[in-house]
Amino acid sequence: MIGHIVLRSLHRLRLAEAGIAAIEFALVAPMLLMLVFGIIIYGFYFATGIAVAHAAAEGARASVAGMTAAEHQGLAEDQARAIFADYAPLLDDDAAHLQISAGPSATAGMFAVTVSYDLSDRNFTSFAGLLPLPSSRPAVMVTVANGGY
């Protein structure tokens, strides 16, 4: 009699699958969401790094056309800001976020353009406990010869 009751209960448990999908979703959803948010956050970081490198390279390229140090600096800063204006929906080109410094390099006859972008006011720091985040201020320095030769 007891064996029959146990077998019938086990048979009913085996057939009861109503909540299994919800339990599986509850186990898998946090990992899936962390993966999706990680992809979005790192994608933003990578896009910012590419934008900073692009602005520094184009600023250095534009500075070659100048005749004086002031012209080199003005051309480099204007071109770097123009490049960042193209990234407007993603990144701001205001002075609070974008820093551009252009001037003679420590090496004689060279001109350096440094571009950095401040990400500290973005809300990504709330994910710092879940994801290892890169620097909140990516920076790139590009050096070219004065006059392009």
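Guide: Welcome! Helices (H or I, at least four residues) and strands (E, at least two) are DSSP runs, numbered from the N terminus. This is a predicted model: local features need pLDDT of at least 70, side-chain atom pairs count only at pLDDT 80 or more, and totals for chains, interfaces and linings use all residues. Residues are numbered from 1 along each chain as its sequence is written, and side-chain values use heavy atoms, leaving out hydrogens and water.

Visitor: How far apart are the closest N and O atoms of glutamate 58 and arginine 61?

Guide: Both residues lie in helix H2, three residues apart, about one turn of the helix. They form a salt bridge (a side-chain nitrogen of Lys or Arg within 4 Å of a carboxyl oxygen of Asp or Glu). Their closest N and O atoms are separated by 2.9 Å.

Visitor: Is aspartate 118 buried or exposed?

Guide: Aspartate 118 pairs with arginine 137 in a salt bridge, at 3.7 Å. The two sit 19 residues apart in the loop between S2 and strand S3 (139–145). Buried means under 20% relative accessible area, exposed over 50%, partly exposed in between (1.4 Å probe, protein chains only). Since its relative accessible area is 14%, aspartate 118 is buried.

Visitor: Which element gives the largest nonpolar core its largest share?

Guide: That core (buried Ala, Val, Leu, Ile, Met, Phe, Trp, Tyr and Cys residues joined through side-chain atoms within 4.5 Å) has 24 residues, with Phe84, Val113, Val115 and Tyr117 making the most contacts inside it. Helices H2 (20–63) and H3 (69–86) and strands S1 (98–104) and S2 (110–117) each supply at least two residues. The largest share, eight residues, comes from H2.
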